[in-house]
Amino acid sequence: MNELEKMRRVLDRELPGVPVEALMVLDATTGQNGLNQAKEFNDALDLDGLIITKLDGTAKGGIALAVSSQLGLPIYRIGVGESIDDLQSFDAHDFCAALVGEGM
């Protein structure tokens with residue numbers, strides 16, 4: 001975490017005014033531990049958003065909603081496969097429908 005914090009400080013110092021976003025990539029299979037991880041990363045980096053991966057497996061990714069809600073972070077992308085085209089924009093309606101078994 002110290003190294004990540006240092007990278008953020010150096011970027012802010014060396015590139016003043018240049019927008020830098022910190023996104024956390026969260027594995028959908030992580031479970032409740034994902035919330036603890038996200039809190040730690042958010043404390044260190046002041047996260048700007050989330051990318052949720054491995055939604056093509058058996059994981060439904062419910063932890064994504066908990067992390068997004070508790071930390072106030074938007075979900076930018078979801079990974080539903082292994083190719084670059086499988087990194088899709090997040091659609092809350094489709095995600096919720098898939099989460100409760102009514103879609104995708």
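Strand 1 of this predicted model offers a clear starting point, since its side chains alternate between two faces. M24 and L26 point to one face and are buried, whereas L23, V25 and D27 point to the other face and are not buried.

Strand 1 runs parallel to strand 2, and five bridges join the two. Within this pairing, D27 of strand 1 has T53 of strand 2 opposite it. Both strands belong to an open sheet of four strands, arranged in the order 1-2-3-4 with mixed pairing. Strand 1 and strand 4 (87-89) form the edges of the sheet, each pairing on one side only. On average, neighbouring strands are turned by 25 degrees against each other, direction ignored. At the other end of the order, strand 3 and strand 4 run antiparallel and are joined by three bridges. There, I78 stands opposite Q88 of strand 4.

Helix 3 packs on this sheet and touches strand 1, strand 2 and strand 3. The direction of helix 3 makes about 175 degrees with that of strand 2.

Helix 3 (residues 62-71) also meets helix 2 (residues 33-45): their axes come within 9 Å and cross at roughly 35 degrees. This crossing is right-handed. On the side of helix 2, the contact is made by G34, L35, A38, K39 and N42; helix 3 contributes I63, A66, V67, Q70 and L71. Sorted by class, the residues of this contact are six nonpolar, three polar and one charged.

The interior of the model can be considered next. In soluble globular proteins, nonpolar side chains tend to be buried together. Here the largest nonpolar core holds 19 residues, and L50, I52 and V67 touch the most other members. Two or more residues of this core come from each of strand 1 (23-27), helix 2, strand 2 (49-53), helix 3 and strand 3 (75-79). Helix 2 gives the largest share, four residues. V67 thus appears twice in this account: it is one of the helix 3 residues in the contact with helix 2, and V67 is also among the core residues that touch the most other members.

L50 may serve as a closing example. Which residues is L50 in contact with, leaving aside its neighbours within four places in sequence? They are L23, M24, A64, V67, S68, L73, P74, I75, Y76 and R77. Among these partners is M24, one of the buried residues of strand 1, and L23, which points to the other face of that strand.

Technical notes:
Residues numbered from 1 in each chain as written. Predicted model: local features only at pLDDT ≥ 70, side-chain atom pairs only at ≥ 80, totals over all residues. Heavy atoms only, no water. Axes fitted to C-alpha atoms, helices over the stretch in contact; angles between N-to-C directions. Left-handed = near helix turned anticlockwise from the far one by under 90°. Contact = heavy atoms within 4.5 Å. Nonpolar A, V, L, I, M, F, W, Y, C, P; charged D, E, K, R; others polar. Core = buried A, V, L, I, M, F, W, Y, C linked by side-chain atoms within 4.5 Å. Buried < 20%, exposed > 50% of the residue type's maximum accessible area, 1.4 Å probe, protein only. Pairing = 2+ DSSP bridges.
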